[in-house]
Amino acid sequence: MTTDPASVERLSVLFQNDDYIVVDKHWDVRIDSKMWYEKNTVQAQLRHRFPELADPGTYYGFRFCHQLDFSTSGALCVALNKAAAGQAYRCFKERTVTKAYIALIRGWVEEETKTLDFSIGKNTSEGKAHMMCIEGTDGCENAKPSQTELTVLEYGLYDGDPVTKVLLQPLTGRTHQLRVHCSAVGHPIVGDFTYSSGADDTPFRMMLHAYLLHIPLDPDPLLVCAGDPFVSSVDPKWLPQRSLRPLKATVDALLEHRVEEQRRTKERERERLKEKKRNQSRKQESEEQRRQCEEWLREWAAD
């Protein structure tokens, strides 16, 4: 990651096999666009780099397994065939995918770990149709439950202002969820022009980065980390002052907990299915016993 603007030629590939490509999306590109003038997109970058892999049977040429906002950078998974797309889609639908984002947020967060639990809905207020909002605010419609786990990594300054470097794990997948949740607790993401009502326009980008992507594909899970762009060597305006916990160890612990949680869930599901089969077997045995009794009663009556 750099502070340089995006170009069609600049595409960072984090992972590639016969079924998937994971790219490190630049902070200054859209994933795709139907606008003729929108030349700089991830889709255009993929066509430029891998023209032989584009699928003419799809609208964009590539099957994007999930979405990242225009101003969000980081790990973005692309399926290279229909079967691979279907397998990834099931994981996202069943919420077994683990994602973790790094962000710089305004102010110093007092609680080292925090669960952000705000229902999110569409903002129908005039001039805000492209935005989301939390339940209870004016113009918020069709709000749905949303949860994000926040973990403080570092305290520091960005361009002289106090900011906190955090790890954000979305437990649900609402539009703009991380941006809305951080704003709701009074710590908006640095450079978030939209959710600062245009006030936070000095930083060169929004400081939100999709760091970790784990998709439990069968038989081989996909695990990719997109690096950390929020370091002083990349952006000298970010000056860490106090570190609470290392990024890698925090992410490793998160992933280990998540994998163990999924293992226990699968084990419970297997036990549930076994119990269901046992109940069905007992029911069949009971029905067979009832049938035999009826036959004996008929024979007894005939005698």
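How do the residues lining the second largest pocket divide into nonpolar, polar and charged? Let me start there, and keep in mind that this is a predicted model. The split is six nonpolar, five polar and nine charged.

A bit more on that pocket. The space in the second largest pocket comes to about 540 Å³. It has 20 lining residues, and the ones closest to the centre are E94, T96, P216, Q262 and K266. As for elements, α2 and α4, which spans 247-302, each put in at least two residues. The top contributor is α4, with eight.

Now the largest pocket. Here we have about 840 Å³ of space. There are 27 residues in the lining, and closest to the centre sit K99, Y101, T172, G173 and R174. Four elements give two or more residues each: helices α2 (82-93) and α3 (177-184), plus strands β5 (98-106) and β11 (161-170). So you'll notice α2 turning up again, since it also supplies at least two residues to the second largest pocket. By class, the lining of the largest pocket has 10 nonpolar, 10 polar and seven charged residues.

Okay, cysteines. The disulfide count is zero. Take C77: the nearest cysteine sulfur belongs to C65, and that's 3.9 Å away, whereas the cut-off is 2.5 Å. C77 is buried, at 0% relative accessibility. Then there's C91. Why no bond there? Because its closest cysteine sulfur, again in C65, is 9.6 Å off, which is too far. C91 is buried as well, at 7% relative accessibility.

On to the rings. Searching the whole structure turns up three aromatic pairs, and I'll show you two. Y59 and Y60 are edge-to-face, 4.8 Å centre to centre with 80° between the planes. Which of them is buried and which is exposed? Y59 is exposed, with 61% relative accessible area, while Y60 is buried at 18%.

The other one is W108 with Y155, also edge-to-face, at 6.5 Å between centres and 70° between planes. This pair ties together distant parts of the chain, 47 residues apart: W108 is in the loop between β5 and β6 (113-117), and Y155 is in strand β10, residues 147-158. W108 is partly exposed at 43% relative accessibility, but Y155 is buried at 8%.

One last thing to look at on the screen: R30 has its charged end over the ring of F70, 4.5 Å from the ring centre.

Methods:
Residues numbered from 1 in each chain as written. Predicted model: local features only at pLDDT ≥ 70, side-chain atom pairs only at ≥ 80, totals over all residues. Heavy atoms only, no water. Buried < 20%, exposed > 50% of the residue type's maximum accessible area, 1.4 Å probe, protein only. 1 Å grid on protein atoms, 1.4 Å probe; cavity = no way out; pocket = protein on both sides within 12 Å on 5 of 7 lines; lining within 4 Å. Points joined across faces, edges and corners; volume = space filled by probe spheres on them. Nonpolar A, V, L, I, M, F, W, Y, C, P; charged D, E, K, R; others polar. Phe/Tyr/Trp six-rings, centres within 6.5 Å; stacked < 30°, edge-to-face > 60°. Lys NZ or Arg CZ within 6 Å of the ring centre and 35° of its normal.
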